[in-house]
Structures are given as structure tokens and as C-alpha cells.
Amino acid sequence: MIVRMRKLMAFCSKDNYREVLKELTGLGCVELESAQREVIKESGDLVSTCSVDTGSNEAKSVISSAIRSLDRYAPHKVSMLAPRDPLKEGQLFDKSLMERGQKAAQKIKDLSDSIDENNAQILKAENKIAFLNPWEGLDVPLEENETRFTFFTKGVIPSEVDFENVKTEISKVSTECEITLISTDKEQHYITALCYKKSWDEVLNKLKDFSFAPVSFHEYTGTAKENIVSLKKRIKSLNDENEGLINEIKSSSSMRKDIFAAYDAFTQEAKRDELSSSLGMTKKTVILTGWVPKEREKDVEALFEKKGCAWEFADPSDGDDVPVTYKTNRFSESFVGITDMYGTPPYNSIIDPNPLMSIFYFTFFGFMMCDAMYGILIFLGSYIFLKLKRPSGTMQGMLKMFMYCGISTFIAGALTGGWFADSVSAVSLWLTGTAVSIPPIWFDPLKNPMMMLAFSLALGAVQLIAGMALAGWRMIKQGHPMDAVFDIGSWWVLFAGLGIFAMGINSGLYVALLGALLLLLTGGRKNKGLGKITGGLGSLYNITSYVSDLLSYSRIMALGLSGAVVGQVVNKIATMAHGFMGILLFVLVFIFGHIFNIAVSLLGAYVHSSRLQYIEFYGKFFDDGGRAFKPLSNNTKYVEIIKE
């Protein structure tokens, strides 16, 4: 059922409102709203919002950077099933722990920043070496560019230019110029030119004909080789320094748990900063407005009483944007995420779709997977992950849902004889030459596909009728009982007649005609004139929509059969050979083949079971437009908060 909500308004002292927010977060049942602009405007200077910054966001950023550095320089392998570290809320927000974690993180960040700076210097030095390497054979200091009577120039020309031709052409311009090839790579010739100043202009103009480009070494002194040696020493020194810095980071990895805890603590404090900045404030008080489930009202009152706050609860008014949450049993609660992905019903909605939807989803999923062993593996996998990893939020809900769906898959598989498809028969025939099988409790879909189709359509008919029943119930609760009679009841008469006729009782045809006549006469009852007739025809024409919806449920049969066929193919391939190679083939094909089949079937069952709810079922009665209830909560990444 949809939980009744109460509107909250409370006044807290500025001295302790952060503590109030912290404890409200621990309760996990209060959604707070931002201060309304209209209220602030109408109050003049009495109510305002202010920016609150305790430095938590900056601390979180530092710690996040430190964690990345730890992962890079001191990686810590954690099992996928390893749970988060448990901490009580008081321990998590203990100032000494937060300061200790923050201090350790700041040290790691400073060390990492030094490493990054050194790496930048190393990269710069490596680039210089790469620049100087082609000139290593030049034994003249790089700063030497001229003497009293000569110019000494260094530069490059494209490698495709014939260097000997360059020397020949330059000699034609000046016989007193020496062109020397220092080195060559795939792109360029590295050359020097020594020439008297009086003929330099002519020589330079001729060099330009060969795309000569001078190279400047204004920041270097000494030979290229001397500079390269010096740079390599500098790189080694920086690498040695980095090694020491990395060792310091590794030695700080013992503080990893404190750093993780501090990250989660400062994350929550940063969220409170953001929330505080949106609240209405006076000179001495902070105004809290929001929503609380009626059943948790006493808990919130007790907290306000303890903290010396003034508060008031009221029922929602017309026009209020009331959040929606559900009160369900443990089974249905696991399937709420399916509805949340589709939409949220409005607060005043009469129908909570989850209890009925969860039963259908549970059933459809099982028969789409349709293998008892797959069901056992899905159940055990989900159960073990829940117990060991202890996830929270959406992940927890999904795993619980798959755990229940594992049960339905086991039941459906036992009913239809699926045990890793036909593995019992295939393996016994492979080993002994005689096939031994586990007979289905009910029927084998591969041998009787029409039975599977009829069962799938029957499930669909039940869900469609249930959806129509919910739509009729909503009409009655909204004060329109005749709409339920004519718009829903007429269809039921039509369907009942068709069902009776399908059983071979001819009188069912008259019942179906009666239902059709009711639709024709009442479908346009709210229209005027000719609209009464066209409206009735339109209502009757909707039978094509119902037929289409019903046929959609054939996907239950299709997915169940496809999974079984793929499983049989896997078993067939796995048992093709004998001897040692046959055993090896069996192990590899059987394990990986069925893992693949489980993964594909799991995805298909999840998607198509959801689709049947969204399109065929919810399409009959569901109204969205509401918004989900989002109470204050501690959403931690590294730490599991234990209730005190």
C-alpha cells in the first residue's frame, strides 16, 4: 500500500541544527525541502538562505585524490565478495578519526603531487634529450654561433634531399664554406654550416632552396653530449626521488581504512553543507520543512523533543507535491525497483501495484528461465553475494529479487524437467550408453510446445484480467461504479463467453455477443449525437488491442524453449568425444556453455518480464506522475554504517 505522509515544519537552533540533520539522516525517514522563494520573499529580512561551507567538500576532494594515489602506487586487492568495513555512526563521525584520515590523505596527496611534479620534469628532460640526440656527434659547444670572421650555424633539411648535392651547390656559391652532416633520421638531415661572414647571405639563400631551417640552442651551454649526460643524471635523480616518495605512500597505506572512513564521513558532511545552504534561516533558528511517513512520526517527534526543537505535523494540502513510498511485505519489497524504473504513481493513487506485480514477475521469470539447476545457481549466487558483500540500496533490492526469481526458476524447471537442460540424459548416455532421465513433474515444453504456449497465454489472460480488475476497483473508489460495470464488466462478459465457447459449449457464443453488445451500446455513453455510436464501435474495436496484448505473453514460451534448446546443444557438444580429450571437452564446454546460456537467459527473462509488466499490465490501470520519497540517508562507499 502507498504510505500516508505527514507534512513537517520544525524550527531548530542554529547552534545544534547540524546535529539534528545528522540524527534525522540516521533515522532515514525524513525528506527535507529547500526553502521556498515565496516564503523568503514574503518574510522580508526575517528568513533567508545562506551559503554553508565547513570545508568538507574540499576535504573530500583531497581524500579522493589520496585514494586514487593509493590505488596507483600501493594497490590493495579486495575480493569482489569482501564486505565494507562495519562502523557505528558515532565512530564514523568521530572528529579524531576524521582528522586522522584527513591528515593521512593530505600527506599522500602532497607526496603524489611531488611525484607528478617530478614526472613532469622527467618528461621535460626526456624531450630535451630527444631534441639533442641527433646532435650528439657535434663536439662543438652549442652556444658557439660565430667567431670574429665566421658564422657557425646549425639546422635541418628534409631527409629526402640529397646531402651531397647540397654540398655541391653550396660550393658553387662559396668555396670558403664547410657543410657537415651530423646525423640523419627518417625525417631530417642534421647539418652545420661554417662560413665566412662576407659570403653568409648568399650561402643562406642557397640553403633555403633546400628547405633549410636553423635550429636554436639558446638555453644550452656545452656540447650536446655533455647536456645529454647531465639530463640523464637529472632523470635518474628524479626517479630515485620518486622511488622514495612512492615508498612513503606505500608506508602510509596502513592508514587506508581511516582514509576510507574519512572519505565517507566528509562526503556526508559535504551533503549536509549543500542541504544547509538550501534551508530557510533566521538570526537564531533554522527552518526545516519536508515530509515524514505517518508511521514514523513518533520517532521524529522524540528526536525533536530531545534536541529542543519546535515542530508541527499536518496532513497534505491540495496542490502539495507529496512524495510516494510503499509499505509492502518482504517479498514484494524486493520487486519495488521494477516499478520505480517504470514510474511512480501519484500520492493520491488508490492502487499500489507492487504486491500483485511481484507475483506475476516471479512467475513469468521462472518459466522464461525454466531450468531447476539454473534456479539453484541464481539463488545461491544472489544469497552468497548478499551475505558476504552486504550491499545496500538498489543493488540489495535487485539481488533479493533475483534470489526469489531463482526459487521460481527452480520450481518451473522441476515442473518441466529442466536440469541443465537434458544433461542427465545426455551424460548418462555418454558414460554408460543408456539414457537415464528425470521426468518432468508436469510436462516437457520441447515435446509439447503447444501446451507451453497455452500455459503462457493463460498466464497472460490472468494478468490482463487482474489489470482490468484493478482498473475497475480504481473507478469504484473514485465514485464511478457504472464506469467499472460498463468499461470493465462488459469486457469480462465478452471474454467469459469466448472462453465458454472455446470449451465447446455453443451457448458461450451468445454470452460473448451479449458482452459485445454491451460495449457497443455503452462505449460512447458520455458522447453526444453520433459520438455515442462511434464511441461504442471504438470500444469494441479495442478487442484487437487485447488480442495483441495476449499474444505478447507467447514470449514466455519463446524464452523458455530457446534456453532449453541452447542447453541441449551445449550438452550435445560436450558429450561428443570420449577418453581424456572427451573429458576435457566436456568440462570446458559444459561449464562455459551453460554459463553463457544462464547469462543470456537471465538478461532475456529480466527484460521481457519487465516489459510484460510495463506494457501489458501497467497499461491497464497504472497512473504515473508521482515522485519517489527520498529521505535523508548516509550513502557510503567504503563503510557499512551499523545502527547503534
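**Exercise 1. A cysteine pair**

How far is the sulfur of cysteine 309 from the closest cysteine sulfur, and which cysteine holds that closest sulfur? Work it out on this model, which is predicted, and decide what it says about bonding.

*Solution.*
- Start at cysteine 309: the closest cysteine sulfur belongs to cysteine 12, 3.3 Å away.
- Now bring in the cut-off: a disulfide needs the two sulfur atoms within 2.5 Å.
- The gap between cysteine 309 and cysteine 12 is therefore too far for a bond.
- Check the overall count: the structure holds 0 disulfides. Cysteine 12 is, accordingly, in no disulfide.
- Finish with the surroundings. Buried means under 20% relative accessible area. Cysteine 12 comes in at 1%, so cysteine 12 is buried. Cysteine 309 has 8%, so cysteine 309 is buried too.

**Exercise 2. Following strand S9**

Find out which strands pair with S9, including S1, and say whether S9 is enclosed or not.

*Solution.*
- Take S1 (residues 5-13) to begin with: 9 bridges tie S1 to S9, and the two run antiparallel. For a landmark, look at lysine 7, whose bridge partner in S9 is tryptophan 291.
- Go on to S2 (residues 31-32), which pairs with S9 in the antiparallel sense over 2 bridges. Here leucine 32 has glycine 290 as its partner in S9.
- Then try S8 (residues 280-281), joined to S9 by 2 bridges and again antiparallel. Glycine 280 is matched with isoleucine 287 in S9, and a hairpin of 3 residues links S8 to S9.
- Last, count burial in S9 (residues 285-293): 8 of the 9 residues are buried, so S9 is largely enclosed by the rest of the structure.

**Exercise 3. An open sheet**

Which strands lie at the edges of the sheet ordered S5-S6-S4-S7?

*Solution.*
- Read off the order: 4 strands make this open sheet, and their pairing is antiparallel.
- The edges are S5 (177-184) and S7 (213-214), each of which pairs on one side only.
- Look at the S7 end: S4 (residues 150-158) meets S7 in the antiparallel sense, over 2 bridges. There, glycine 155 sits opposite proline 214 of S7.

**Exercise 4. Two helices**

Are H5 and H8 roughly parallel or antiparallel?

*Solution.*
- Get the geometry: H5 (residues 95-132) and H8 (residues 224-252) pack at about 160°, with axes 9 Å apart.
- Angles over 145 degrees count as roughly antiparallel, so H5 and H8 are roughly antiparallel to each other.
- As for handedness, H5 passes H8 in a left-handed crossing.
- The contact itself has 15 nonpolar, 9 polar and 6 charged residues.

Key: Residues are numbered from 1 along each chain as its sequence is written. This is a predicted model: local features need pLDDT of at least 70, side-chain atom pairs count only at pLDDT 80 or more; totals for chains, interfaces and linings use all residues. Side-chain values use heavy atoms; hydrogens and water are left out. Axes are lines fitted to C-alpha atoms, for helices over the stretch in contact, and angles run from 0 to 180 degrees between N-to-C directions. Angles under 35 degrees count as roughly parallel, over 145 as roughly antiparallel, 65 to 115 as roughly perpendicular and the rest as oblique. A crossing is left-handed if the near helix is turned anticlockwise from the far one by less than a right angle, and right-handed if clockwise. Ala, Val, Leu, Ile, Met, Phe, Trp, Tyr, Cys and Pro count as nonpolar, Asp, Glu, Lys and Arg as charged, and the others, Gly among them, as polar. Buried means under 20% relative accessible area, exposed over 50%, partly exposed in between (1.4 Å probe, protein chains only). Two strands pair if DSSP finds at least two bridges between them.
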